[in-house]
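Please work through the exercises below with the sequence and the structure in view. Each task is followed by a solution in steps.

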Amino acid sequence: MTVNRPIVHILGLGAMGTVLAVDLLRFSNAMLIPLFRSEEKLNRFQNEFKSQIGIRKLYESNKPLYTFDIERSECPEKFGGEKIKNLVITTKTYQTKEAIAPYLPYIDNETNIILIQNGLGVLEVLKEEVFNNSSKPNLFQGVISHGVYQDKGFIYNHAGWVGMKIARLPWSEGDMIQTVDFVKRDTENELIKLLTQPKLAKDFGIEHMTYQEMLLGQLFKFLINSCMNPVTAIVDCVNGEMVDHCSPVFRSIIDECLSVLRVAYKPLFDYDRKYQGNDQYPTLGVNDVLQVDHMVKEVVDCGCVVNERNSSSMRQDTLYLRDTEIEYINGYIVKLAHDFKLAEDSCKVNKTISELVNLRLGLNRTRAAQGDWRK
Ligand SMILES: NC(=O)c1ccc[n+]([C@@H]2O[C@H](COP(=O)([O-])OP(=O)(O)OC[C@H]3O[C@@H](n4cnc5c(N)ncnc54)[C@H](OP(=O)(O)O)[C@@H]3O)[C@@H](O)[C@H]2O)c1
């Protein structure tokens with residue numbers, strides 16, 4: 001008897017790619033094929049690291065390390081040329097377009113792609129610059145809140161367990177609101193079926209939902225990231241250090257983000273009024289959640305109190321002189337304001353915040369190369 005094994009290609013075998021890959025290998029029979037950026041990276045993975053990946057679950061009592069051997073791995077130069085049925089994208093946001101380019105000939109209308117990334121704006125890049133006059137694959141988004149960082153090589157530490165919301169992404173604004181029945185139909189989709197099978201969904205915390213439910217979670221997380229990431233990077237501090245001083249700047253950022261998001265995501269902000277009391281449309285309370293006073297409090301609580309010892313990923317990026325995801329966080333608000341032809345000053349806070357993050361990174365790079373003038 002032949003067993004039907006789903007094949008899942010993973011583009012971006014870093015922290016997020018590995019944490020999902022390990023649980024897919026623990027709880028399913030899927031064959032996972034990581035796609036590396038170059039033959040050199042592929043050879044290192046296969047020879048130096050013996051094609052092994054691992055996750056240490058730091059939140060479990062005995063901190064178990066789960067390791068798995070990867071059967072097959074590829075890179076653009078050596079790609080076998082078969083059609084890609086399921087693709088998990090876990091590169092950094094700004095790496096997506098370049099990373100997917102070599103594989104476009106193998107993606108068609110039946111390919112399932114899930115983006116598991118922070119921020120917003122990759123969907124627009126895919127729609128406007130990647131799949132603009134070619135195939136239209138099934139696009140999904142995973143809003144992930146797990147915290148993972150590298151130990152060494154392809155071994156990562158899974159430090160914080162929070163979960164992942166998944167939903168089908170709309171190709172046009174008219175498809176932004178989904179019914180419960182529409183979501184149910186997707187349970188037959190191979191990738192969704194795989195991600196929602198009970199053991200994996202429980203252990204990884206995967207919840208499959210309508211786009212509008214996921215979007216509410218995504219915008220909530222976006223607002224946290226749009227405050228915590230740039231501000232900790234600019235002033236170079238650990239989250240909890242700024243607890244008594246950060247509310248005014250958070251308020252300015254959140255107020256402006258919400259003004260722009262209300263225009264760009266109008267169907268979401270009109271949703272409760274329009275669909276209240278209809279069984280096909282879950283109640284969300286969007287305007288109670290995405291409201292300035294409430295969000296300032298949430299960001300301070302979640303960012304500076306609950307995660308007080310954390311150093312944000314953007315601060316880490318600027319300290320280690322790596323590119324940041326600012327264009328897909330505060331920079332996304334600037335892009336939206338431009339795309340929706342809003343007044344010039346409608347995004348001035350987020351524009352300045354983005355410029356200051358770039359200044360911080362530039363300054364750190366200059367100091368690393370030329371020395372620190374303060375000493
Ligand atoms: N880590 C977390 O705790 C966490 C939590 C929530 C959300 N997120 C979000 O998840 C996303 C991924 O973050 P991450 O922490 O997993 O980043 P990461 O560890 O840097 O992983 C990204 C991976 O993508 C690979 N990549 C880049 N360009 C590529 C290309 N052209 N072809 C193939 N592979 C390529 C990188 O490989 P190279 O080494 O070759 O560059 C790297 O292995 C980000 O949007 C992040 O904000 C992360």
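The exercises that follow concern a predicted model.

**Exercise 1. The sheet of seven strands**

Task: State the order of the strands in the open sheet of 7 strands, and identify its edge strands.

Solution.
Step 1. The strands of this open sheet follow the order E2-E1-E5-E6-E7-E10-E11, and their pairing is mixed.
Step 2. Strand E2 (31-35) and E11 are the edge strands, since each pairs on one side only.
Step 3. On average, neighbouring strands of the sheet are turned by 20° against each other, with direction ignored.
Step 4. At the E2 end, strand E1 (residues 7-11) and E2 run parallel and are joined by 5 bridges. Within this pair, Ile10 has Pro34 in E2 as its bridge partner.

**Exercise 2. Strand E10 and its surroundings**

Task: Determine which strands pair with E10 and in which sense, and then decide whether E10 is enclosed or open to the outside.

Solution.
Step 1. One partner is strand E7 (residues 138-144), which runs antiparallel to E10 and is joined to E10 by 5 bridges. Here Val143 has Lys165 of E10 as its bridge partner.
Step 2. Another partner is strand E11 (residues 206-208), paired with E10 in the parallel sense over 3 bridges. In this pairing Ile166 has His208 of E11 as its bridge partner.
Step 3. The side chains of a regular strand alternate between the two faces of the sheet. In E10, Met164, Ile166 and Arg168 point one way, whereas Lys165 and Ala167 point the other way.
Step 4. A residue counts as buried when 20 or more other C-beta atoms lie within 10 Å of its own. All 5 of the 5 residues of strand E10 (residues 164-168) are buried, so the strand is largely enclosed by the rest of the structure.

**Exercise 3. The sheet of four strands**

Task: Describe the open sheet of 4 strands: what is its order, and which strands lie at its edges?

Solution.
Step 1. The order of this open sheet is E4-E3-E9-E8, with mixed pairing.
Step 2. Its edge strands, strand E4 (65-69) and E8, each pair on one side only.
Step 3. From one strand to the next, the twist averages 25°.
Step 4. Strand E3 (residues 52-57) pairs with E4 in the antiparallel sense over 5 bridges, and Ile53 stands opposite Phe68 in E4.
Step 5. The loop between E3 and E4 contains Lys63. Although Lys63 is a residue other than glycine, its phi is positive, near 45°. Lys63 counts as exposed because it has 11 C-beta neighbours inside 10 Å, and the limit for an exposed residue is 12 or fewer.

**Exercise 4. The shell around the ligand**

Task: Establish how many residues surround the ligand, and which elements give two or more of them.

Solution.
Step 1. The ligand is surrounded by 26 residues, and the closest are Gly12, Gly14, Arg37, Gln117 and Asn118.
Step 2. Helix H1 (15-27), helix H3 (96-100) and strand E8 (147-152) are the elements that give two or more residues to this shell. H1 gives the most, with 3 residues.
Step 3. Sorted by class, the shell holds 9 nonpolar, 12 polar and 5 charged residues.

**Exercise 5. The two annotated domains**

Task: Give the helix and strand content of each span that UniProt annotates as a domain.

Solution.
Step 1. In an unreviewed entry, UniProt lists residues 8-169 as "domain: Ketopantoate reductase N-terminal". This span is 23% helix and 33% strand, and its end C-alpha atoms lie 19 Å apart.
Step 2. The unreviewed entry also carries the UniProt annotation "domain: Ketopantoate reductase C-terminal", covering residues 215-358. Over these residues the chain is 67% helix and 0% strand, with end C-alpha atoms 28 Å apart.

**Exercise 6. Helix H8**

Task: Compare the reach of helix H8 with the expected value, and decide whether H8 is enclosed or open to the outside.

Solution.
Step 1. Helix H8 (residues 211-235) has 25 residues and reaches 35 Å from its first C-alpha to its last, close to the 36 Å expected at 1.5 Å a residue.
Step 2. Of the 25 residues of H8, 20 are buried, so the helix is largely enclosed by the rest of the structure.
Step 3. Asp236 follows H8 and has a positive phi, near 55°.

Terms used. Residues are numbered from 1 along each chain as its sequence is written. This is a predicted model: local features need pLDDT of at least 70, side-chain atom pairs count only at pLDDT 80 or more; totals for chains, interfaces and linings use all residues. Two strands pair if DSSP finds at least two bridges between them. A residue is near a molecule or strand if its C-beta atom, placed from the backbone, lies within 6 Å of it. Ala, Val, Leu, Ile, Met, Phe, Trp, Tyr, Cys and Pro count as nonpolar, Asp, Glu, Lys and Arg as charged, and the others, Gly among them, as polar. UniProt positions are given in the numbering used here, feature names are shortened, and annotations may be inferred rather than shown by experiment. The expected span of a helix is 1.5 Å times one less than its number of residues. Axes are lines fitted to C-alpha atoms, for helices over the stretch in contact, and angles run from 0 to 180 degrees between N-to-C directions.
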